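Welcome! Take a moment to look over the sequence and the model before reading on. This short report walks through the empty spaces first and then turns to the backbone and the helices.

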Amino acid sequence: MTDQPALVLLPAVDIADGQAVRLTQGQAGTETNHGDPADAAADWVAQGAEWIHLVDLDAAFGRGSNVDVIKRVIAQADSIKIELSGGIRDDASLENALESGATRVNLGTAALENPEWAASAIERFGDAIAVGLDVRGTTLAARGWTKEGGDLWEVLARLEDAGCARYVVTDVTKDGTLKGPNVDLLMQVMQRTDKPVVASGGISSLDDLVELRALVPAGLEGAIVGRALYAGAFTLVEALAVASN
């Protein structure tokens, strides 16, 4: 064991039409079904998860909501912390997300399309707000990754000015592909902020987690792990062991 803080792992539970699913590169129509989201969450809890990254894909794509399912998942997984993402774009959806029991929420599209509202949400709720920076190259992706959302560095500078507490950085081209995380992108973001960064997308092996673990001193706080767990590339128990050593 070292004195270095552990890399926090957030196993993902993505919900579409009431079911736990996984997408490839965030694209609608690439879903693979993994059953009841509450069962998926309970499995991660049983394996030692301290956090779950819970995503309402229907809300993210603007095609509906899984609010009742999400409330049930959070209620059943009440021993751990929940990061909730997907379609949180105004006061009502933000307050509903926090009232559902989520520990923190990820703002995505809203932080790009409505910066004044995002800044006010950050001011009001502080550490309960993270902003998801979903990137292709250095261009941000919005609306469930279907539209461009501006230049990464311009948006990051604006969010820094607003006092954003945390960033979740996803290379959209890697997400769900099991091709490894974009370490260069993570390093570039961490060089421009002293706030904690959470990595997302592409994690395929325990070696990837070893590489990310080494970035903790540079400001990497955590990593969201999805497809690799569902595909059986490693277990969450194995991943947590790597993340803490």
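What volume does the largest pocket have? In this predicted model, the largest pocket has a volume of about 270 Å³. Its lining is made up of 15 residues, and those that lie nearest the centre of the pocket are Asp56, Ser65, Val67, Gly86 and Ser93. Helix H3 (67–76), strand S5 (81–85) and helix H4 (91–99) are the elements that give two or more residues to this lining.

The second largest pocket holds about 160 Å³ of space. Among the residues that line this second pocket are Ala6, Leu7, Val8 and Leu9, along with Gly48, Ala49, Glu50 and Trp51. Lys81 also takes part, as do Leu240, Ala243 and Ser244. Strand S1 (8–16) and helix H11 (236–244) each supply at least two of the lining residues, and H11 gives the most, with three.

Some space is also enclosed: the structure holds two cavities of 30 Å³ or more. The second largest cavity contains about 40 Å³ of space. Its lining includes Val169, Thr170 and Asp171, as well as Pro181, Asn182, Leu185 and Leu186. Ala199, Ser200 and Gly201 belong to this lining too. Strand S10 (167–171), helix H8 (183–192) and strand S11 (197–200) each supply at least two residues here, with the largest share, three residues, coming from S10.

Here is how the three linings divide by residue class.

| Space | Nonpolar | Polar | Charged |
|---|---|---|---|
| Largest pocket | six residues | seven residues | two residues |
| Second largest pocket | eight residues | two residues | two residues |
| Second largest cavity | five residues | four residues | one residue |

Now to a detail of the backbone. Which residue has a positive phi although it is not a glycine? That residue is Asp17, with a phi of about 50°. Asp17 is found in the loop between S1 and strand S2 (19–22). Is Asp17 buried or exposed? Asp17 is exposed, because its relative accessible area is 69% and exposed means over 50%.

Helix H11, met above in the lining of the second largest pocket, also pairs with another helix. The axes of helix H9 (residues 206–213) and H11 come within 9 Å and cross at roughly 25°. H9 is therefore roughly parallel to H11, since angles under 35 degrees count as roughly parallel. The crossing in which H9 passes H11 is right-handed.

Technical notes:
Residues numbered from 1 in each chain as written. Predicted model: local features only at pLDDT ≥ 70, side-chain atom pairs only at ≥ 80, totals over all residues. Heavy atoms only, no water. 1 Å grid on protein atoms, 1.4 Å probe; cavity = no way out; pocket = protein on both sides within 12 Å on 5 of 7 lines; lining within 4 Å. Points joined across faces, edges and corners; volume = space filled by probe spheres on them. Helix = DSSP H or I, 4+ residues; strand = E, 2+ residues; numbered from the N terminus. Nonpolar A, V, L, I, M, F, W, Y, C, P; charged D, E, K, R; others polar. Buried < 20%, exposed > 50% of the residue type's maximum accessible area, 1.4 Å probe, protein only. Axes fitted to C-alpha atoms, helices over the stretch in contact; angles between N-to-C directions. Parallel < 35°, antiparallel > 145°, perpendicular 65-115°, else oblique. Left-handed = near helix turned anticlockwise from the far one by under 90°.
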